[in-house]
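Trainee: I am new to this structure and would love a close look at a single part. Could you take me through it slowly?

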Amino acid sequence: MESDRAADLKGKAPHTVAQSTSAEPQENADWVSRYADDVIAESERRAPGKPVVVASGLSPSGPIHLGNLREVMTPHLVADEIRRRGYTVRHLISWDDYDRYRKVPNGVPGTDASWAEHIGKPLTAVPAPAGSAYPNWAEHFKAAMVEALGEMGVEFDGISQTAQYTSGTYREQILHAMKHRGDIDAILDQYRTKKDPAAKAPGKKPQQQKQKPVDEAELEAAEGSGAADEDDGSGGAGGYYPYKPFCGECGKDLTTVTSYDDETTELSYTCTLDGFTETVLLSEFNRGKLVWKVDWPMRWAYEGVIFEPSGVDHSSPGSSFQVGGQIVDQVFGGKQPIGPMYAFVGISGMAKMSSSKGGVPTPGDALQIMEPQILRWLYARRRPNQSFKIAFDQEIQRLYDEWDKLSAKVADGSALPADSAAYSRAVGTAAGELPRTPRPLPYRTLASVADVTAGDAEQTLRILSELDPENPVTDLATVRPRLDRAEAWINKYVPAESRTIVRTEPDTAALAALDEASRASIRLLLDGLDDHWSLDGLTHLVYGVPKVQAGFPADATPKELPAEIKGAQRAFFALLYDLLVGRDTGPRLPTLLLAVGADRVRKLLGA
């Protein structure tokens, strides 16, 4: 290794000098602060006076899903904490758009099996799905992610690897890697699969190796990240070469380098698909790239990356992050970033995500049903090595309840330090707070109203204005965008059979069959409607009717009541649901009653 030469290969991009304010680093209340401490200290050791560089890498090979978002949010949160302390930070997002197109993802509108003919080309050389406004496959999927990151307040510097390679930006790094291909090969060879020694012994049958059970979910996640095809450049007939040309005839990477001269940089290759051969000067040739396990560490050195996380698929022995640490040190004269492993992100009610399966939710999908603050919070409150799920089912209502409780605790100062830190990181960035709903009514209430009204604005305003008569909602703008998110969730993710359809006429047969106790409970409810016509009032009323029937005060607490009262309340609720919507469950009864309206409630309950 030529260390002086390697030192010259580091990137020379102009930087603004990092300056720290006099503000003291905040107490290490959470994982973000702890990493920020480490990254600042490491940056000052490696590159004093320069911006702190953190990095993410995304391959726009298909929809960029919520698991991939962790690749961005982990360094974003750390970078933002460092900015809050007064340092200049560059968060690089490397768009791996010069990667090969490996397969046609399932479930992508505007595509069909004919896109398979482009397998092996760079992603920027593949046509965008039919009807797209973007010039190629990579730009199509990149655009949706850029929009979502903007909505979430993520500040970053995007780098197109197509632009970097085709402009010759990495020329010196490529020539250096080719010159030191023997060193790279020796490092990689330490991790390549070894054959069973018993197989070589004459007269002995090869021992059967115990196979580790295959985790299908992990394989799917690997596919989604691009790690399933970690080509290290081995297997060529002319020796080891860490560089892969794209064919001058078919444009694909199904090529084999057959010879290379270090002095002249003359490189010859053959395309295994169409037999095309070409001899070029690598010192002038820009139609190719370093193989992934060499490309990644090369970029660490070039950009001076201090912090970059990696998924579990990149962190096992012999995988790209582990091998890259040796290559960046021994070949490119750089250092491996501080790199926490991050765990999978799932969807409640679904298996682990894989973009190859199709239909995998993206950040844009999540932002249709939840505000950016909530999505940021999900990534901020869990350490990178903790897996978690994002709710697209009924759990989203519980998630919002939890968020609103945390908001209240933060407001009154009773939240724990780590919870307060996660909340602060969710609601805004060093640049300021994200736009928020002026009057954040409970999500489950808004969803119930959206369900019953089918999104009718006039009806929605009427119901919301009656929730709290002393402080009525007079303009739907004050409850947006949370109302819009709740409506989108109802319309997109609640099955038709679970939607609420209020009866248009009373169920006369059911009313006639009621026993005297049921009739009496309905009379108590109807008699109290006018005096309790608000969300809190109706809550008190519907829970109080079974108590009064049992001889207890309507405001008796659970401790003052026998256990049987809960059963009586459930039976009473089921009765009302049946008479109002024809099912034994539905939206919260107080919200449903407000949505139906007092006159219609009286009609449907036989008054």
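Which ring does the charged end of Arg 381 sit over? Please start there, and then take a close look at helix 13 and its surroundings.

Mentor: Happy to. Please keep in mind that this is a predicted model. The ring you ask about belongs to Trp 377: the charged end of Arg 381 sits over it, 4.2 Å from the ring centre.

Before we turn to helix 13, here is the setting. The protein has 23 helices and 14 strands. Of its 607 residues, 49% are buried. Taking contacts between residues at least 6 apart in sequence, 71% join residues at least 24 apart.

Now to helix 13, which covers residues 395-412. One partner to look at is helix 15, residues 443-453. The axes of these two helices come within 8 Å and cross at roughly 140°. That crossing makes helix 13 oblique to helix 15, because an angle has to be over 145 degrees to count as roughly antiparallel. On the helix 13 side, the residues that meet helix 15 are Ile 396, Gln 397, Arg 398, Tyr 400 and Asp 401. They meet Tyr 443, Arg 444 and Ala 447 of helix 15. Sorted by class, this contact has 4 nonpolar, 1 polar and 3 charged residues.

Further along helix 13 you will find Lys 409. With a relative accessibility of 45%, Lys 409 counts as partly exposed. Setting aside residues up to four places away in sequence, Lys 409 touches Ser 414 and Ala 415. Ser 420 is 11 residues from Lys 409 in sequence, and their C-alpha atoms are 8.6 Å apart.

Ser 420 brings us to helix 14, residues 417-427. The buried residues of this helix are Ala 421, Ala 422, Tyr 423, Arg 425, Ala 426 and Val 427. They pack against several elements, and helix 13 is one of them. The others are helix 2 (31-46), helix 3 (66-84), helix 12 (372-380), strand 13 (428-429) and strand 14 (432-433).

Next, look just ahead of helix 13, at the loop that joins strand 12 (388-390) to helix 13. Phe 392 lies in this loop, and Phe 392 is buried, with a relative accessible area of 7%. A search of the whole structure finds 22 aromatic pairs. One of them is Phe 392 with Tyr 493: the ring centres are 5.1 Å apart and the planes are at 75°, so the pair is edge-to-face. Tyr 493 belongs to helix 17 (residues 482-493), so the pair ties together parts that are 101 residues apart in sequence. Unlike buried Phe 392, Tyr 493 is partly exposed, with a relative accessible area of 29%.

Both rings share a neighbour, Asp 365. Leaving out residues up to four places away in sequence, Asp 365 touches Val 360, Phe 392 and Tyr 493. Asp 365 is placed in helix 11, residues 363-369, and is partly exposed at a relative accessible area of 23%. From Asp 365 you can also look across to Leu 66: the two are 299 residues apart along the chain, and their C-alpha atoms are separated by 9.1 Å.

Two backbone details belong to elements we have already visited. In the loop between helix 16 (457-467) and helix 17 you will find Pro 481. A cis peptide bond joins Arg 480 to Pro 481, with omega about 10°. In the loop between helix 15 and helix 16 sits Ala 454. Its phi is near 55°, a positive value in a residue other than glycine. Ala 454 counts as exposed, at 61% relative accessibility.

For a companion to Ala 454, try Thr 265, in the loop between strand 5 (255-260) and strand 6 (266-271). Thr 265 also has a positive phi, near 65°. Thr 265 is buried, with a relative accessible area of 9%.

To retrace the path, start at helix 13 and its oblique partner helix 15. Then follow the buried residues of helix 14, which pack against helix 13 among other elements. Finish at the edge-to-face pair of Phe 392 and Tyr 493, with Asp 365 touching both residues.

Definitions and conventions: Residues numbered from 1 in each chain as written. Predicted model: local features only at pLDDT ≥ 70, side-chain atom pairs only at ≥ 80, totals over all residues. Heavy atoms only, no water. Axes fitted to C-alpha atoms, helices over the stretch in contact; angles between N-to-C directions. Helix = DSSP H or I, 4+ residues; strand = E, 2+ residues; numbered from the N terminus. Parallel < 35°, antiparallel > 145°, perpendicular 65-115°, else oblique. Contact = heavy atoms within 4.5 Å. Nonpolar A, V, L, I, M, F, W, Y, C, P; charged D, E, K, R; others polar. Buried < 20%, exposed > 50% of the residue type's maximum accessible area, 1.4 Å probe, protein only. Phe/Tyr/Trp six-rings, centres within 6.5 Å; stacked < 30°, edge-to-face > 60°. Lys NZ or Arg CZ within 6 Å of the ring centre and 35° of its normal.
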